[in-house]
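Colleague: Could you take me through one part of this model up close, starting from a single residue and working outwards? I'd like the connected version rather than a list.

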Amino acid sequence: MTTNTRNEPDVDPDKNPTQLLESAQKHANLAYVCLHEVTPLLDRLRSRLNALQNSGLPTFTRALQREYEALKSLINELSSPDAISKGITKAHAKRLEASTSTITRSVAQWDRLKRCRNVVAINQSFQGSSRDDRKREMVKLEITGRDRQEMHRRLKEQGRVEVDVVDGGREWLAVKASPRHRLARELTDSGWAWGDHELGDDVDHEEWDEVPVAKFAKRLVAAARMNRHEYRFPRIRLVLANLNYEGDDLDIFVDQLKRLDPLVELIIEYQNGPFMSTPAPAVETALDNLVGDGLDDLTSTINLDHTILIDLISDLTHSSLQPQPWQAPTTRAQIEDENSHTGGMMAPTLYPLLAGRKLVCTSEAADHFHNVLATVGTETERERGRLLVPWDTQIRGMPTEAIRKRFQELSIHKLPEDVQVPLNVVTEPWDMPAINQAVSRGELPEVALDVARCSAFKSSKLSIFMYGWAAGVATLTSNKEVRGQMRTWVEANRRSETEVGPSIWKLDVTRNLLAKNASPRPGGYRKVKKKNADGSGSGDDDDGNDDDDNDDDDE
C-alpha cells in the first residue's frame with residue numbers, strides 16, 4: 001500500500017465534482033486497504049484481551065471505518081447526475097477534506113507501524129510535566145488567583161505527548177511534520193547563527209530551543225523520564241515527516257536534539273533515512289512482527305520461583321480429574337479450567353515458555369519446595385517434585401533419561417524434549433550475607449538492600465528474586481503481585497537514575513497442589529474460603545501454592 005508521504009490530503013475546494021469524486025474514491029480505497037490490513041491485527045490480539053483493550057487499535061479502526069463510510073456516502077452523492085445543479089460542491093469539498101485528512105494521517109501511521117515490532121499501544125498519551133514543574137512555572141510567570149487553575153490546566157495539556165508504544169514498551173514512536181522551508185524560518189526566528197556551526201558542534205540552546213520541533217522533542221524526553229518501562233527510560237524514535245537529510249544547518253540543529261538527555265536515547269528518523277526509505281515488510285510479516293510471541297523478556301536461562309515449581313508438579317496439571325464437592329472452590333475452578341481446554345491449560349501454557357531454555361532454582365527455593373511437598377503434597381506430587389528438583393541421593397544418581405521417563409509416566413501430557421527436566425539447583429547460598437557481598441561486588445545495585453528490607457521476604461523467597469536479579473536472568477512466577485511490588489520498592493528507593501530492578505515474568509495461570517483436596521476429610525467436608533494476604537496464591541488450605549503462607553516454615 002503506497003501512501004502520501006507528505007501526510008497532506010490533496011483536496012482543493014475549487015475542483016469540479018469529477019475531481020472531487022476521484023479524490024474521494026482514491027482515499028476511500030486507501031482506507032479500505034488499511035482496514036483490510038489492520039483488522040487481522042485486532043483479531044490476533046483478541047486472544048490477549050487486555051492487550052487489545054488497552055492498545056488503542058479498536059479506536060483507531062473505528063475512526064478509520066467511520067471516515068471510510070463517510071466517503072462512501074459522499075461518493076454516492078458526487079456520482080449523482082445532478083451534483084452540479086444542486087450547487088453543493090463546496091459543502092462536499094469541506095466534508096471530503098475532513099475525511100481525507102483523517103485517512104491520510106491514519107494510513108501514514110499504519111505505514112510506520114508496519115516497520116515496528118511488538119506493538120503495545122497506539123496514540124497513547126503520556127504526561128511530560130509534573131505538578132511541581134507546573135507550580136514552578138506559574139511562580140515564574142507570576143500567575144495568581146483564579147488564573148492559576150486555568151494556567152495549571154493549560155501547562156498540563158502542553159506537557160502531554162502522544163506516541164505509539166512498540167518493542168514491548170521499550171520504544172516510543174512519534175512523528176512531527178517538519179518541512180524544510182518552515183523549519184528554516186523557525187530557526188531564523190529563534191536566532192540561529194547560519195553558517196557558524198558544523199555537524200557535531202554543541203550549539204548554544206538559546207539559538208534553537210524555541211523551535212517547535214525542539215520543544216516537542218523536549219516534551220518527549222521529559223515524558224520518557226516520568227514513565228519508565230521495566231525500570232528504564234523508553235527509547236524515543238522521532239520521525240521528521242517531510243524532512244530529508246542534506247548535511248546542512250538544519251541537520252546540525254537536528255543533531256542537537258539527539259543530545260537533549262544523555263540517559264534518554266532519542267533517535268531521529270529522516271524521510272530519506274533507513275527507517276522510512278526501506279519498504280515496509282509484507283503485511284503478513286508485519287503482523288507477525290507486531291504481535292510477537294510475548295517472550296522477548298524471557299532470558300535463555302529462567303529462574304523458577306515456588307509457584308512455578310508447584311505448577312510443574314501439581315496433580316491438577318498432570319492428571320485427568322473431576323471437581324469434587326469437598327474440594328476448595330479454587331481447586332474446583334482450576335480443575336474445571338483444565339477440563340474446559342482440549343489438552344489441558346497449564347502444561348500447554350507453561351511448556352512453550354520453558355522450551356529451549358536452561359531452568360534453575362536456588363537451593364533455598366528447592367529446600368522450601370520439598371518441605372511443602374512433604375507436608376501437603378500427594379504421593380504423585382511428591383514424586384514429580386523429587387524428579388523435577390532432585391533433592392536426595394537416589395534421584396541424583398539416576399540418569400537424566402530415566403528421570404524424564406518416569407516424569408512422563410506420571411503425566412497425561414507429553415513432556416517436550418526441549419523442556420529441561422530435571423532442572424539445575426544453584427548451589428551457592430543467597431541469604432542476606434550473600435546479598436550484601438553481591439552489592440559490594442557490583443553484581444546487585446545498592447537499592448537491592450532497600451528492597452530486601454522493604455519486602456520482609458523470608459529466606460527462600462528472598463533468595464529467588466535476589467539471585468535472578470544478580471544473575472541478570474528472568475524469574476518466572478505465577479504470583480500476581482510480586483512484580484508490581486518489586487517495581488514499587490525499587491522506584492521508591494533507587495539511589496541513581498541508572499539502577500535497574502529484577503526481570504520478573506508473570507504467568508497468568510496457576511495451579512494448586514491437589515494436596516488434601518484429593519479425598520474427603522474425615523468427618524465430612526466443609527467449604528474453605530480462606531483468602532491469602534497478598535492474593536498471590538489460591539486461597540485454599542494447604543494447597544502448596546500460597547507463597548506467603550508457605551514461607552511460614554521457611555526459617
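**Around Cys-116**

Modeller: Let's start with Cys-116, which counts as buried because its relative accessibility is 4%, under the 20% cut-off for that label. Keep in mind that this is a predicted model. Cys-116 sits in the loop between α4 (89-113) and β1. Which residues is Cys-116 in contact with, leaving aside its neighbours within four places in sequence? They are Val-166, Leu-173, Phe-275, Asn-289 and Leu-290. Take Val-166 out of that list: Val-166 and Cys-116 are 50 residues apart along the chain, yet 6.7 Å separates their C-alpha atoms.

Now follow Asn-289 and Leu-290, two of the contacts of Cys-116. Both are buried residues of α11, and Ala-286, Leu-287 and Val-291 of α11 are buried too. Helix α11 (residues 283-291) also packs with helix α1 (residues 17-45): the angle is about 35 degrees and the axes are 10 Å apart. The crossing of these two helices is right-handed. On the α1 side, the contact is made by Glu-37, Pro-40, Leu-41, Arg-44 and Leu-45. From α11 come Val-283, Glu-284, Leu-287, Asp-288, Leu-290 and Val-291. If you sort the residues of this contact by type, you get 7 nonpolar, 4 charged and no polar. Notice that Leu-290 turns up twice: Leu-290 is in contact with Cys-116, and Leu-290 also belongs to the contact of α11 with α1. Right after α11 comes Gly-292, with a positive phi near 65 degrees.

Back to the loop that holds Cys-116, and on into the strand that follows. In strand β1 you'll find Asn-123, whose phi is near 55 degrees, a positive value in a residue other than glycine. Why point that out? Most residues other than glycine have a negative phi. Asn-123 counts as partly exposed because its relative accessibility is 34%, between the 20% and 50% cut-offs.

Strand β1 also carries one half of an aromatic pair: Phe-126 in β1 (residues 121-127) goes with Trp-172 in strand β3 (residues 171-177), 46 residues apart, so to speak a link between distant parts of the chain. The pair is stacked, with 4.3 Å centre to centre and 15 degrees between the planes. Are these two rings buried or exposed? Both Phe-126 and Trp-172 are buried. The structure holds 8 aromatic pairs.

Strand β3 offers one more link back to the start. Leu-173, one of the contacts of Cys-116, falls within the residues 171-177 of β3, as does Trp-172. Lys-176, within that range as well, lies over the face of Phe-216, at 5.3 Å from the ring centre.

Notes
Residues are numbered from 1 along each chain as its sequence is written. This is a predicted model: local features need pLDDT of at least 70, side-chain atom pairs count only at pLDDT 80 or more; totals for chains, interfaces and linings use all residues. Side-chain values use heavy atoms; hydrogens and water are left out. Rings of Phe, Tyr and Trp (its six-membered ring) pair if their centres lie within 6.5 Å; planes under 30 degrees apart count as stacked, over 60 as edge-to-face and the rest as tilted. Helices (H or I, at least four residues) and strands (E, at least two) are DSSP runs, numbered from the N terminus. Buried means under 20% relative accessible area, exposed over 50%, partly exposed in between (1.4 Å probe, protein chains only). A charge sits over a ring if NZ of Lys or CZ of Arg is within 6 Å of the ring centre and within 35 degrees of the ring normal. Axes are lines fitted to C-alpha atoms, for helices over the stretch in contact, and angles run from 0 to 180 degrees between N-to-C directions. A crossing is left-handed if the near helix is turned anticlockwise from the far one by less than a right angle, and right-handed if clockwise. Contact means heavy atoms within 4.5 Å. Ala, Val, Leu, Ile, Met, Phe, Trp, Tyr, Cys and Pro count as nonpolar, Asp, Glu, Lys and Arg as charged, and the others, Gly among them, as polar.
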